[in-house]
Amino acid sequence: MQKLTFPKNFVWGVAASAYQIEGAWNEDGKGQSIWDTFSHTPGKIANGETGDVSIDHYHRYKDDVARMAELGIPTYRFSVAWPRILPEGSGKVNAKGLAFYDRLVDTLLKHKIEPYLCLFHWDLPQVLQDKGGWPERATAYHFAEYAHIVTARLSDRVGVIMTHNEPWVAAFVGHFLGDHAPGSKDLGAAIKAQHHILLSHGLAAEAIRAEARQPVKIGITLNLNPVHPATDSKKDREAAQRVDAIMNRIVLDPLLKGTSPIEEFALAKLLTGKVIQPGDLEKIRMLDLLGVNYYSRAVMKHSSKIPVVNVEQVHPAGNEYSGMWEIYPEGLHELLMRIWKDYFTPSPFDRLRAAPPASSRSTPLGLPKGKGEGGMPEIMITENGVPVPDGLDFDGRIRDERRIRYLQNHIAQVHRAIQDGVPVKGYFHWSLMDNFEWALGYGQRFGLVYVDYKTLKRTVKDSGRWFAKVIAENGMIVE
Ligand code: FCB
């Protein structure tokens, strides 16, 4: 038995997103989002389910926040629904939409829970989609306008604003694989969307800096996976490298190095023309907080299954799987070490000697000054969790031992990375409550809190109490 203790001030939290929990899809002047459209289109979501009502957090937020407080959860990462604030995507502000997040933030603060606000968790206003959506450059500028409005209203009380959640998923699963809204299958559109979402991060960061009522930490949350070749063959190794470039480096390089792998690929250039305009990459490099969402690794082989990139994902036999992914805790350590090695070393001071900062507003990394250490962005795990087919036992308890084991093994890998020199500053569990899991509907339960989808009654699972203990002790006992 050994106690793993986390550094003082380590940030423990839980995460959720607007479309997945709020419901109230057409209330109080909210505009339609691409997820409303997508979920209302037959055949897109398992069992024809939608987020129309979801778990009704829009009306039950007070109870939900109180439950979080009871568990001693100190930090909550939530997202704002853009179409609640700007039903037309830009222009006229919907006061009732802003008022909801005002009430939510006040309730969190009343319970001493720190809000981490995310501006975009995939619910683009449908009107902007009708004008071309993320593959259109103009959308990035509308996003900055939206960021400005939310910052003006909430930054007196919110000290951390994350621009995007998983830009790769929004771009590629939404525009190339077609499993998420808006559901197109066009690689060129996906690459354009990817660049414009990152550009919008930079434009929004400028807007947030300009409008913030206090020094606000600006973050972004990325889905990142170690990519392993299925075999040691040259073809499979190259397949893994392609996937690493198109999934991981496509978001990490612009944010942390000011370069983009898009420029390396002739095909990408052919499909997108001059998507990256002069000055764009400098704008994107604005970051105080790098959020890492980790669920699994990707094992890839060369194949024509996914066209153009010529890869196929394989699932090695004999390993453990959840309802969605392979369970692979070591991947979290590997990923953190890789991010640290490839993007954070040499230290910013070495880089300063090599290349002086571009502007006085910048830090040695070329990043704007924020609350991060010496201008270096902080790293946090902003999502990690596992779907488990939970249910109530006869005594009303939910014994989700698999989730507890998953969390224990993954949190231990975060601790290991810290021991190995990566200053990880926080860990957020996905998710607070069971909720709408996108194309999979309500079939996959990720919560620390169980939700009965008929009555919407909430029950804290064993994992919720276990996580509460980890938070209270700032660590855990492992075998
Ligand atoms: C992530 C998403 C989140 C949730 C989890 C399971 O990709 O950010 O909304 O769906 O996966």
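Which residue stands opposite His164 in E5? Let me begin there, with the reminder that what we have in front of us is a predicted model. The residue is Phe120, and that pairing is a convenient way into the strands that I would like to go through before turning to the ligand.

Strand E4, residues 114-120, runs parallel to E5, and the two are joined by four bridges. On its pairing with strand E6, which covers residues 217-223, E5 is again in the parallel sense, and here too there are four bridges. If you want a specific position to look at in that second pairing, take Ile161, whose bridge partner in E6 is Ile218. As for how E5 sits in the model, six of the six residues in this strand, residues 160-165, are buried, and it is therefore largely enclosed by the rest of the structure.

Now to the ligand. The residues that surround it are Gln20, His121, Trp122, Asn165, Glu166, Tyr295, Glu383, Trp430, Glu437, Trp438 and Phe446. Three of these deserve a closer look for their polar atoms. For Gln20, an N or O atom in the side chain is 2.8 Å from an oxygen atom of the ligand. For Glu437, the distance from a polar side-chain atom to an oxygen atom of the ligand is 2.7 Å, while for Trp438 a polar side-chain atom lies 2.9 Å from a ligand oxygen atom. Taken alone, the ligand would expose 290 Å², and the protein buries 95% of that area. The space that the ligand takes is the largest pocket.

Let me finish with two individual residues. The first topic is Val173, which has its place in helix H8, residues 167-175. Is Val173 buried or exposed? Its relative accessible area is 11%, and because buried means under 20%, Val173 counts as buried. Its C-alpha atom is separated by 8.8 Å from that of Lys185, although the two residues are twelve apart along the chain.

The other residue is Glu378, located in strand E11, which comprises residues 378-383. With a relative accessibility of 12%, Glu378 is counted as buried as well. What does the side chain of Glu378 make a polar contact with? The partner is the side chain of Lys217, at 3.0 Å, and Lys217 falls within the residue range 217-223 of strand E6, the strand that pairs with E5.

Conventions. Residues numbered from 1 in each chain as written. Predicted model: local features only at pLDDT ≥ 70, side-chain atom pairs only at ≥ 80, totals over all residues. Heavy atoms only, no water. Buried < 20%, exposed > 50% of the residue type's maximum accessible area, 1.4 Å probe, protein only. Pairing = 2+ DSSP bridges. Near = heavy atom within 4 Å. Polar contact = N/O pair within 3.5 Å; in protein donor to acceptor, adjacent residues only side chain to side chain. Areas by Shrake-Rupley, 256 points an atom, 1.4 Å probe, with all protein chains shown as cover. 1 Å grid on protein atoms, 1.4 Å probe; cavity = no way out; pocket = protein on both sides within 12 Å on 5 of 7 lines; lining within 4 Å. Sits in = over half its atoms within 2 Å of the grid points.
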